[in-house]
Each structure stands twice: as C-alpha cells, then as structure tokens.
Amino acid sequence: MCDSSEWNKIYHVKDWDIEQCPHCDFAKIDPLPTRQSRPEMYKKDKVIERNTKKKPAIVRFSRVMKRFWNKVLKRDKSRIFRQKIEKYIAPGKKVLDVGCGDGSFLETIKDRYECYGVEISDYLAELANNRGGMKVRAGDFQSMDFEGQKFDAITLISIIEHVDDPEGTLKKCYELLNDGGVLIQKTVNYNCLNRKIVKDKWTGLRPPDHIIYFDPKNLQQLLKKLGFKSMSASAWAFNDNMYCDAVK
Ligand SMILES: [Zn+2]
C-alpha cells in the first residue's frame, strides 16, 4: 500500500505467518495463495463442507454473541448496505455485488434496483440465479469482461480480505463505476482492539480464507490513489469489521 518492501512477521496462525508492513500496517499472510488455487476452494463440495464444519470454540462464541446483539439491537445485516445504497443512488440504478454468494443481499434490494452479481463459486451463482430478479455471472471478477457495461453502485461485502490483488480488484471496481457512482465495502479491520487484545487468537485472522488485512487508514489511502474523490470509513474498537464508502 505504501510501496515499502519491508515486512515484519507478527503472528503464526496454522501453517501461515502473518506479516505486517512497519510503515502503513497493511498485513497479509505468507505464503500468499495464488489466484489459480482459489476457484478450487469454492467448488460445491468445499463450500458445503466449510458451512457445515464445526468451527473452533472462539469463532462459535463470537458468532453467538453477534447473533445476540443483532437480536437485542433488532439489527438486520443487509439493512446497513441497503441504507447505504439508498443514500447514494436513486431507485432503478444498477448495482453490482462482487462476491454475491447465493444472492441473499441482492434479494433484499432487487425490487428497487437493477441487480447484477459476480460469484467465484459456480454452485452459489446458480443458487443466486434461481432466485430470479438478478443476473449473476460465475467466475473470477478480475479477468471478467464486462463489455463496456457500467454500474452506479458496487458492493464488496466481506470480500476484499479474500483477494490476492486488492489494488487490481479495486481499480477494476473504479473503472466499472459511472462518475458519481459509489463503492461500498465491508472488510475485517486489522486495527480493531479485539486483534490487539487477543493477538493471534483474533477471529479475523483466518488463513488461507482471509489473506490480506486493511485498516481504515490504508484502505482509504489506496482508494484515493486509485482516483476515488471522497471516502468515508467507519470502524468501532470492538467490532472486527469496518465499513468504507468511496465515491468516484
Ligand atoms: Zn506499507
């Protein structure tokens, strides 16, 4: 992110080192999985296996707590993104959800927007298309040809932490947006207090699933470098995730 080539090894999780840049705090796993190995991870049996496998106690505890707070606060996960889209663009505009999974987010906005999705897993893309009201393409976003098609909002919901070339991915989002369009992201926040307290036990460190780690500062720095005009990030100390909106 800052053009430095220095890395400090900070943690060791499973078979991977977690390295952090001493200058901008951007972090990644080492060795970084190649893009060619990724589609294999998202094949139907692997997706089902991951979703049914028993998770470590700390992950299960964190999920139970999240569900509890969502209930107490009557929080609906999609609502945050729906409200963000409504804030930036008018009904009827085009929304692209990159890494849309089974289309559950697009489902909540398809009555108001023209919905498109990209999904690396053929299996999940098929589930999304079966819902109707959305056009979801299966494959690798970065090498996908959109034939000049542009969008008014692009969402990357818990996606960028899985990507080996974040700059290339965000640049592609920039190019696919109309002027005034918005890129809305949610990703793990490497700078959160939870990580500093529990260190290598932090649930955000999930190699080889989560491979790169931004914080609000270096993510906005990169978006600015790519040409986005205005950025706003929100992060809370005890939340493992952050939100970042960037307008072209
Ligand atoms: Zn750096």
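## Helix 7 and its neighbours

Let's start in the middle of things: the buried residues of helix 7 pack against strand 4 (94-98), strand 7 (151-157), strand 8 (177-188), strand 9 (212-213) and helix 9 (216-226). Keep in mind that this is a predicted model. The helix itself covers residues 166-176, and its buried residues are P166, L170, C173 and L176. Look down the axis of helix 7 and those buried residues fall within an arc of 120°, so they line one face of the helix.

Turn to the other side of helix 7 and you meet E167 and E175, which are exposed. So what does the buried face of helix 7 pack against? Four strands and a helix: strands 4, 7, 8 and 9, plus helix 9.

## The whole protein

Stepping back, the protein has nine helices and eleven strands. Its radius of gyration is 18 Å, close to the 18 Å that the globule rule gives for 248 residues, so the protein is as compact as a globular protein of that length. If you want a box to put it in, the C-alpha atoms fill one of roughly 45 × 40 × 40 Å, taken along the principal axes.

Of the 248 residues in the protein, 34% are buried. As for who touches whom, take the contacts with a separation of 6 or more: 60% of them are between residues 24 or more positions apart.

## Strand 4 and its two partners

Strand 4 has already turned up as one of the elements packed against helix 7. Is this strand enclosed or open? Four of the five residues of strand 4 are buried, so it is largely enclosed by the rest of the structure. Strand 4 runs parallel to strand 5 (residues 114-119), and five bridges join the two. One place to see this pairing is K94, which stands opposite E114 in strand 5. To get from strand 4 to strand 5, the chain goes through helix 5 (residues 104-109), and this β-α-β crossover is right-handed.

Strand 4 also pairs with strand 7, again in the parallel sense, over three bridges. Here D97 has T155 of strand 7 as its bridge partner. Strand 7, like strand 4, is among the elements that the buried residues of helix 7 pack against.

## An open antiparallel sheet

Now for a sheet with antiparallel pairing: it is open, has four strands, and the order is 1-2-3-9. Strand 1 (8-13) and strand 9 stand at the edges with a single partner strand each, so one side of each is left without a neighbour in the sheet. Strand 9 also links back to the opening section, being one of the elements packed against the buried residues of helix 7.

Within this sheet, strand 1 pairs with strand 2 (residues 16-20) in the antiparallel sense, over five bridges. To find the pairing on screen, look for H12, which stands opposite D17 in strand 2.

## A hairpin late in the chain

Strands 10 (residues 230-235) and 11 (residues 241-247) make another antiparallel pair, this time over six bridges. What joins strand 10 to strand 11? A hairpin, with five residues between them. A235 has M242 in strand 11 as its bridge partner.

In general, strands of a sheet pair through backbone hydrogen bonds, either parallel or antiparallel.

## Backbone oddities

Two cis peptide bonds are worth a look. One runs from D30 to P31, with omega near -5°, and P31 is found in the loop between strand 3 (27-30) and helix 1 (38-41). Another joins P207 and P208, with omega about 0°; P208 sits in the loop between helix 8 (193-198) and strand 9.

Then there are residues with positive phi that are not glycines. D3 has a phi of about 70° and is found in the segment before strand 1. Is D3 buried or exposed? Exposed: D3 has 7 other C-beta atoms within 10 Å. E147 has a positive phi of about 45°, and it is not a glycine either. E147 lies in the loop between strand 6 (135-138) and strand 7, and with 5 other C-beta atoms within 10 Å, E147 is exposed.

Technical notes:
Residues numbered from 1 in each chain as written. Predicted model: local features only at pLDDT ≥ 70, side-chain atom pairs only at ≥ 80, totals over all residues. Buried ≥ 20, exposed ≤ 12 C-beta atoms within 10 Å, placed from the backbone. Arc of directions from axis to C-beta. Contact = placed C-beta atoms within 7 Å. Pairing = 2+ DSSP bridges. Rg over C-alpha atoms; globule rule 2.2 N^0.38 Å. Right-handed = clockwise from strand over helix to strand, strands pointing away.
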